Amino acid sequence: MALRHAVLAALLDAEYSGYELAKSFGIGVANFWHASPQQLYAELAKLEKEGLVEGRQVVQEGRPNKRLFQVTDAGRDELEAFAAAASKPLVIRDDLLVKVQTADRIGTAAVIEQLEERASAADAKIELLGKVARRMRGDLDEDEFLLRGERIGGYLTCLRGLAFEQGHRDWCRRSAAILRERQKNRAEG
């Protein structure tokens with residue numbers, strides 16, 4: 001997947017300025033794609049040049065003007081082709097896993113600390129994603145929303161983000177506890 005597809009998908013929901021798109025990425029799309037605001041602005045410019053999005057200037061009183069972007073028919077066609085193409089299998093690339101891999105050969109105190117930091121960061125994301133999911137559902141319970149909700153794509157990706165963060169948090173906590181126990185046993189032995 002390229003950043004272009006994540007941007008086009010985010011713009012399907014609404015017309016966004018670059019700033020609003022960056023906020024949208026930070027809350028929802030960050031579950032599955034990270035991009036800095038600078039990358040998003042550059043991608044919007046490319047997409048507009050290619051005719052996949054169109055921008056319009058909005059004059060604001062007392063504030064700088066802003067540009068709002070929306071997906072064009074060509075952009076929707078691009079997303080249709082992307083959705084129809086086979087997806088590549090998921091690959092994990094995480095430097096923390098490399099550090100844990102070395103636990104039998106080097107000291108583990110720093111790795112344990114990093115595992116605990118990651119678990120805390122995952123807790124914060126879980127809380128944020130839970131709020132996002134509740135806001136998306138509104139007054140409906142999850143089963144009702146999944147059956148009758150107007151748009152569930154974002155909700156389903158939010159659920160995937162929650163499951164990922166919960167699994168990652170649990171693995172980090174368990175790995176830190178195991179390494180801590182092994183460290184204690186070595187010190188006593």
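The paragraphs below lead through a predicted model, from a covered helix to a loop residue and then to two patches on the surface.

Near the start of the numbering, helix H1 spans residues 3-11 and is mostly covered, since eight of its nine residues are buried. The buried residues of this helix are Leu-3, Arg-4, His-5, Ala-6, Val-7, Leu-8, Ala-10 and Leu-11, a list that holds Arg-4 and His-5 as well as Leu-3 and Val-7.

Further along the chain, Thr-72 sits in the loop between strand S2 (66-71) and helix H4 (73-84). Its relative accessible area is 13%, and because the limit for a buried residue is under 20%, Thr-72 is counted as buried. When neighbours within four places in sequence are left aside, Thr-72 is in contact with Gly-51, Leu-52, Val-53 and Glu-54.

Glu-54, one of these contacts of Thr-72, also belongs to a negative surface patch, which it forms together with Asp-73, Asp-77 and Glu-80. Helix H4 gives the most to this patch, with three residues. Asp-73 has its place in helix H4, and its relative accessibility is 62%, so Asp-73 counts as exposed, whereas Thr-72, in the loop between strand S2 and helix H4, is buried.

A patch of another kind, nonpolar in character, is formed on the surface by Ile-92, Leu-97 and Trp-171, which together have about 290 Å² of accessible area. Within this group, Leu-97 lies in helix H5, residues 95-101, and with a relative accessibility of 34% Leu-97 counts as partly exposed, because that class lies between the limits of 20% for buried and 50% for exposed residues.

Note on methods:
Residues are numbered from 1 along each chain as its sequence is written. This is a predicted model: local features need pLDDT of at least 70, side-chain atom pairs count only at pLDDT 80 or more; totals for chains, interfaces and linings use all residues. Side-chain values use heavy atoms; hydrogens and water are left out. Helices (H or I, at least four residues) and strands (E, at least two) are DSSP runs, numbered from the N terminus. Buried means under 20% relative accessible area, exposed over 50%, partly exposed in between (1.4 Å probe, protein chains only). Contact means heavy atoms within 4.5 Å. Patches are made of residues with over 30% relative accessible area and no salt bridge: like charges are joined within 9 Å, nonpolar side chains (Val, Leu, Ile, Met, Phe, Trp, Tyr) within 5 Å. Accessible areas come from the Shrake-Rupley method with a 1.4 Å probe; for residues, only the protein chains shown count as cover. A salt bridge is a side-chain nitrogen of Lys or Arg within 4 Å of a carboxyl oxygen of Asp or Glu. Lys and Arg count as positive and Asp and Glu as negative; His and the chain ends are not counted. The place of a charge is taken as NZ of Lys, CZ of Arg, CG of Asp or CD of Glu.
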